[in-house]
Amino acid sequence: MKNRVNSLWTLFQERRLSRRTFMKSCVALTAILGLPPTMLNTVVKAAETTELPTVIWLHGHECTGCSESFIRSSSPFTSDVILNMISLEYDDTLAAASGEPLEEHLKKIIAEKNGKYILAVEGGVPLDENGVYCTVGGRTFKESLLEAAKGAAAIIEYGSCASWGGIQAAKPNPTNTVSVSSVVSGKPIIKVPGCPPIPEVMTGVVMHYALFGQIPPLDSQGRPKQFYGNRIHDTCYRRAFFDSGLFVEKFDDDASKSGWCLYKVGCRGPQTYNSCGNLRWWNGLSYPIQSGHGCIGCSEKGFWDNDVFYKRLPDIPLANTITTADTIGTVAAVGATAAVIVHGAATLVRNKYIDIQEEKRLKEQGLWDEKKHNN
Amino acid sequence: MLIHTDKKAYVVFSLWLRIFHWTMVLSVTALFWTGLYIGDPGFAAITGNPEPTFAIDGWFSMETMRRIHFTAGAILTFSFIFRVAGGFYNRGDRLLPKFRQKRYWYGLRETTLHYLMIPQKHEHHWLRNSLARTAYLMVYIMFFFEIITGITMYSMINPNGILGSIFAPLVTMFGGEYKVHLIHHYIAWGFLFFTIVHVYMAFREDVMEESGEVSAMVSGMKYYAHDPIDLEDLNGKRRRGERIEKPSGTTYRPSNPDDPRERELQEDD
C-alpha cells in the first residue's frame, strides 16, 4: 500500500466498516463540530486524507475534573476518540503504564513527533517558589510544560485552570498560578474554559484539529467560536421567563417549581459564554439551569472571584455589615439629597443674616439709602 | 419677564447644545430607572400572566423594560456624540478645565471656599467655575464609559456581528463580562449623585447670583454685571492691544431709553 495515511477512512477500512457507515459518521461529526451541513464535503475529504494526530495530555495545577468530564463524552465516545481518532500518547491519569517508563515514553514522543503533536493541558501553572507547588515526576509543572510546548503544533487549554488560572488563581492567588498561555507563547493556543468544559466540546475541539489540521476559528478571548459563540442566557430555554419578568425569588418558592428564570437568584447566564444552553450535558440530558440551579459562570475568567453566586451584585463588606452597591447607592442618594437641602438652607440663612448685619452697619453709619438698597 | 437691567446677557450655550442637553436628561432618566429594574427586577409577575407567552404583549415586562432601555441608550449615545461634536464648533459648549492655567487653580480654591461659606458673598465672575468644569469633564468621562460598557453588553448578543467584533475585545480588556456589567451598574449610580448636585447647584446659582442659570439651558443666556474673567473661553483669546470688533458669542441687551425702569437706574448712578 503506497502513501498510506493513518486517516479516519483507513481506520474504518481496517475495521471492515462500510463506506455508508463512514459517511454517516462524517455527518454526525460535522454536527458535533458545530459546522454547517454545507461543510460535509470538507469533513469527508479531511477524514479521508488527514493523518490522525498525536496528542500529549499534561496535568498541572488542577483537580482532574476536566478528565472526568472528557471520559464521559458520548458523541463521539471518548473511547473512540482516544483509541481510534487520535493517538493519545501520554496522559498520566489515563495511561495504563506509570513511573519511569511512562516518563521515558513522553520524552521519546516529544523527540519523535517534534512539531506535529497536539499538546492538551489541563491545569494552571504555579509560578511562585520556582513552581514547586505542582510537580510531576519530580519536575515542576512549568518545566515539563515548557519542554512539551516547544515542539507542539498547537496547544489546547482544557478547563478554566489552564485557560485562566482557575480556582488556584482566585484571590489572593497564594501560589501565583497563571494560565498556560501566560507562560507559553508563539504557539496557536485554543482555550476551552469551563469547570469542567462540556465533554462534547472537549472532544469536538480536538476532533476539529484532528480533521482539518488547523485550529478552529477563535473569538477575541481565544475560545472556539462554534462552542463559545453565545451567552448561555441567549440560548437558555428559560429565556422566555426572563423576557416576561417571571423570576424565581427563592429556591423553594412556586416560581422555582414552575421553572421560571433564575436571574434574581444570581444566575450568571447573562455574562457567560458556553454551549450549555444548546449542547447541554451528558448527551443532551440536562444542564445546571435545567436542574434548577443558576449558572455560576464557570467558563468565565476569574469566575471564582465573582461570588456570591446566589446574588446578582457582589457583596461589599463594610464594618459590621455586608451590603451591595444598590443599598449603598440608595443610602448615599438619600444622604446627598439631605446634604443638598441642608446646604441650601444654610446658604440662604447665612446670606440673609449677612444682609441684615450689613443693613445695620450702614444704618449706624448713616449711609443707608432706602431707595438704592432696599430693592 | 426676567429683569436684568443692570446686567448684560451673554450667549453661552448654543441651541445645538441645549437640545442635546435635554435629550440626554430624558434618556438618562429613562435609562436609570429601567436599568435599576433590569439589574434587580423588584416586582415580578406584575403582568399577572403566569404564562410567558402572553407577557411579550404585556405593557410591563422585562422585555418592555429592556426595549425602553436600549432605545433610550441609542438616543443617549447619539446625543452624547452630537453634543461632544458641537463642542468643537462652539466655544461656549466646551468650557473644559484648563489645568495649565493659574486661573483654574485659583478658581478651584475660591469656589470651594465659597461653597463652604467661608466668604459668603463673592463676585459672580465665572462663565463656569473651576469646580463645575472639573465635574462636567468627569461626567463626560462617565458617559463615555457607560456608553462603551452598555454597547459592549448589547453587541455581544451577536458576537460575530459588526458591533460584536468591535466591542468583544473590550470584554477581554475589562476582564470578563461580569466586570462590564458591574462597571455599568456602578457608574449608573454615579449619575444619580451628579444629578442631585447638578440640579441643586444650578438652582442655587440662579437664586443667589440671579444669573439666569436655570433658564440658561433653555435660552442659552447667562447674565453678568461685568465681563466674566474667563470670557476669553467664549470669545477667543485676545492678544495685547487687539480689539475684537464683534465678540462672537456675546449679545448685549439693547437698552430702551423710554423704559421707566431704565431711567430710574440711570438716575441712581
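**Notebook: a look around chains A and B**

I started with chain B, where residues 24 or more positions apart account for 67% of the contacts with a separation of 6 or more. A reminder to myself before going on: this is a predicted model.

**Chain B, overall**

I counted elements next and found 10 helices and 2 strands in chain B. Following the sequence, I read off the pattern β-α-α-α-α-α-α-α-α-β-α-α. I also looked up burial: of the 269 residues of chain B, 25% count as buried.

**Two helices of chain B**

I then picked one helix pair, α3(B) and α5(B), the latter covering residues 130-155. At what angle do they pack? I found about 135°, with the axes 11 Å apart. An angle counts as oblique when it falls outside the roughly parallel, antiparallel and perpendicular ranges, the antiparallel one being over 145 degrees and the perpendicular one 65 to 115. The two helices are therefore oblique to each other. I noted the handedness too: α3(B) passes α5(B) in a left-handed crossing.

Which residues meet there? From α3(B) I listed B:Phe70, B:Gly73, B:Leu76, B:Thr77 and B:Phe80. Across from them, α5(B) brings B:Phe143, B:Ile147, B:Gly150 and B:Tyr154. I sorted the residues of this contact into 6 nonpolar, 3 polar and no charged.

**Where the chains touch**

Moving on to the contact between the chains, I found that chain A and chain B put in 40 residues each. On the chain B side, α2 (52-55), α3 (62-89), α6 (162-174) and α7 (177-209) each supply at least two residues. Which helix gives the most? My note says α7(B), with 13 residues. I divided the chain B side by residue type as well, and got 23 nonpolar, 11 polar and 6 charged. So α3(B) turns up twice in my notes, because α3(B) meets α5(B) and also supplies residues to the side that touches chain A.

**Over to chain A**

I looked up the domains of chain A and wrote down domain 1 (52-223), domain 2 (230-312) and domain 3 (325-373). How far apart are the C-alpha centres of domain 1 and domain 3? They lie 70 Å apart.

My last stop was A:Arg239, which I found in helix α12 (residues 239-243) of chain A. Is A:Arg239 buried, exposed or partly exposed? A residue is buried if 20 or more other C-beta atoms lie within 10 Å and exposed if 12 or fewer. A:Arg239 has 19, so it is partly exposed. I also checked its distance to A:Cys261: the two are 22 residues apart in sequence and 6.9 Å apart in space, C-alpha to C-alpha.

Key: Residues numbered from 1 in each chain as written. Chains lettered and ligands numbered in written order. Predicted model: local features only at pLDDT ≥ 70, side-chain atom pairs only at ≥ 80, totals over all residues. Contact = placed C-beta atoms within 7 Å. Helix = DSSP H or I, 4+ residues; strand = E, 2+ residues; numbered from the N terminus. Nonpolar A, V, L, I, M, F, W, Y, C, P; charged D, E, K, R; others polar. Axes fitted to C-alpha atoms, helices over the stretch in contact; angles between N-to-C directions. Parallel < 35°, antiparallel > 145°, perpendicular 65-115°, else oblique. Left-handed = near helix turned anticlockwise from the far one by under 90°. Domains from an automatic or database assignment.
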